[in-house]
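Dear colleague,

I am passing the structure below on to you, together with some notes on what turned up when I went through it. Please read the notes with the coordinates open beside them.

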Amino acid sequence: MKIRNGFQLGLVGGLGVLLAIAISVAVQQISTVLVWAFAGIFLALGVEPVIQFLIRRGVPRWAAVLIIFAVILLLAAGAVWLIVPTIVAQFTILVQSIVAEIEGGAFESVLDWVRETFPQLDVDGTLEQLSGALSDFNTWSSLPPWVADIAAGIVGGAVQVVFAIGGLLIVVVLMLYFTGSMPSLKSGMYRLVPASSRPKFIEIAEQIMKSVGRFVLGQGALGVLNGVLSFTVLSIVGSELAGVYAFIALIASTIPLVGTISASVLISLLVLLLDGPQTALPVAIWYLVYMQLEAYVISPQIMNRAVKVPGVVVVLAALIGGTLLGILGALVAIPIAAAIQLILKEVVIPRQDAR
């Protein structure tokens, strides 16, 4: 009898392990879809405060949702017909300018610096050998395997870009769906909670969703502000690529902590390379001023009003989220930290105090 029970226990345990492995594999295979769905819900919660604002002004929910849909479609159409061609054209100018700088002697200046700094290095001889090897057919016919790996990596990168564009479209469609069905989704989620715990759960869940929505709106507004100000300043100083730089600033500023700094450094270096020090200096000064303004005035206001998370927790959450899920992880980590803080404050601590 004991042997039979032990066998049954081992069999059931083995089946449980196999089931856990199967579930893990299935989740891994659909991880991309789960990330898309999570991003769609995240953006839908960001749109929800605008819908609630319209509802409080007497607009029915269905009409508010239609207004949001129309605004999103108009913005997408405007980006496609107006902004995208300008950005593509200016990116072309950017690439051509970099190539012109190289052909105009920038590469030779680097070579002169290398010759002066490392006189023992035969720069000219190395370049001649490299040029001869590249022009020799035998070199190309007997390429090492790592060259094929590099080519495969380039092709894979292009495929990833196309995949990312498709994923962005899917996220937008999911966002629109979640926005339209938000009340029914919340009602269904609330009914899964026992009736005795439902009021408290609804209260905490609503606060979390409001925090997420305010955070998304705040980061979006921050990106738009940086983009508009960057375009204005760069146009004043006479940069021909103000549209490209403003687009970079807008997209990067939506990433917490590192986005604005990275975009500011990149834009300042590009302006220095293509427009010269006389243009790059005021741009760099502007970004230094703006980074201080964002770090000590704008971002604290967003964090205090939206998520109410201490600065140390914001930094740690963004770092952990970025490490786990990249840019999306950095975006959602701060609202998740706010949710955890709220649960600790409203549930865990009162229970500990009641013991």
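I start with helix α8, which covers residues 198-236, and I should say at once that the model is a predicted one. Helix α8 has 39 residues and reaches 57 Å from its first C-alpha to its last, close to the 57 Å expected at 1.5 Å a residue. After α8 comes Gly238, which has a positive phi, near 90°.

For orientation, the protein chain contains twelve helices and zero strands, so that "α-α-α-α-α-α-α-α-α-α-α-α" is the pattern along the sequence. The chain has 355 residues, of which 29% count as buried. If one takes the contacts between residues at least 6 apart in sequence, 66% of them join residues at least 24 apart.

Two of the helix pairs that I looked at involve α8, and I take them in turn.

How do α2 and α8 pack, in angle and in axis distance? Helix α2, residues 31-56, packs with α8 at an angle of about 90°, and the two axes are 7 Å apart. Because an angle from 65 to 115 degrees counts as roughly perpendicular, α2 is described as roughly perpendicular to α8. On the α2 side the contact is made by Phe42, Leu43, Leu45, Gly46, Pro49 and Val50, and on the α8 side by Met209, Val212, Gly213, Arg214, Phe215, Val216 and Leu217. Sorted by class, the residues of this contact are ten nonpolar, two polar and one charged.

Helix α7, residues 182-191, also packs with α8, here at an angle of about 140° and with the axes 10 Å apart. That angle makes α7 oblique to α8, and the crossing of the two helices is right-handed. Lys186, Met189, Tyr190 and Arg191 of α7 meet Arg198, Phe201, Ile202, Ala205, Glu206 and Met209 of α8. In this contact of α7 with α8 there are six nonpolar residues, no polar ones and four charged ones. You may wish to look at Met209 in particular, since the residue is listed in the contact of α8 with α2 and also in the contact of α8 with α7.

Further along the chain, helix α9 deserves a paragraph of its own. Helix α9 has twelve residues and reaches 16 Å from its first C-alpha to its last, close to the 16 Å expected at 1.5 Å a residue. Nine of those twelve residues are buried, so α9 is largely enclosed by the rest of the structure. The buried residues are Ala242, Gly243, Val244, Tyr245, Ala246, Ile248, Ala249, Ala252 and Ser253.

Part of the surroundings of α9 is helix α10. Helix α9, residues 242-253, packs with helix α10, residues 259-275, at an angle of about 165°, and their axes are 8 Å apart. The two helices are therefore roughly antiparallel to each other, and α9 passes α10 in a right-handed crossing. The contact brings Tyr245, Ile248, Ala249, Ala252 and Ser253 of α9 to Gly259, Thr260, Ala263, Leu266, Ile267, Leu270, Val271 and Leu274 of α10. Divided by class, these residues are ten nonpolar, three polar and no charged.

Helix α10 also holds Ser264, a residue that is buried, with a relative accessible area of 3%. Leaving aside residues up to four places away in sequence, Ser264 touches Tyr287 and Met291.

Two further residues may help you to place distant parts of the sequence relative to each other. Ala339 lies in helix α12, residues 311-354, and is buried, with a relative accessible area of 15%. Ala339 and Gln207 are 132 residues apart in sequence, while their C-alpha atoms are 8.4 Å apart in space. Val172, in helix α6 (residues 145-180), counts as partly exposed at 31% relative accessibility. The C-alpha atom of Val172 is separated by 9.9 Å from that of Ala37, although the two residues are 135 residues apart along the chain.

With best regards

Methods:
Residues are numbered from 1 along each chain as its sequence is written. This is a predicted model: local features need pLDDT of at least 70, side-chain atom pairs count only at pLDDT 80 or more; totals for chains, interfaces and linings use all residues. Side-chain values use heavy atoms; hydrogens and water are left out. Helices (H or I, at least four residues) and strands (E, at least two) are DSSP runs, numbered from the N terminus. The expected span of a helix is 1.5 Å times one less than its number of residues. Axes are lines fitted to C-alpha atoms, for helices over the stretch in contact, and angles run from 0 to 180 degrees between N-to-C directions. Angles under 35 degrees count as roughly parallel, over 145 as roughly antiparallel, 65 to 115 as roughly perpendicular and the rest as oblique. A crossing is left-handed if the near helix is turned anticlockwise from the far one by less than a right angle, and right-handed if clockwise. Contact means heavy atoms within 4.5 Å. Ala, Val, Leu, Ile, Met, Phe, Trp, Tyr, Cys and Pro count as nonpolar, Asp, Glu, Lys and Arg as charged, and the others, Gly among them, as polar. Buried means under 20% relative accessible area, exposed over 50%, partly exposed in between (1.4 Å probe, protein chains only).
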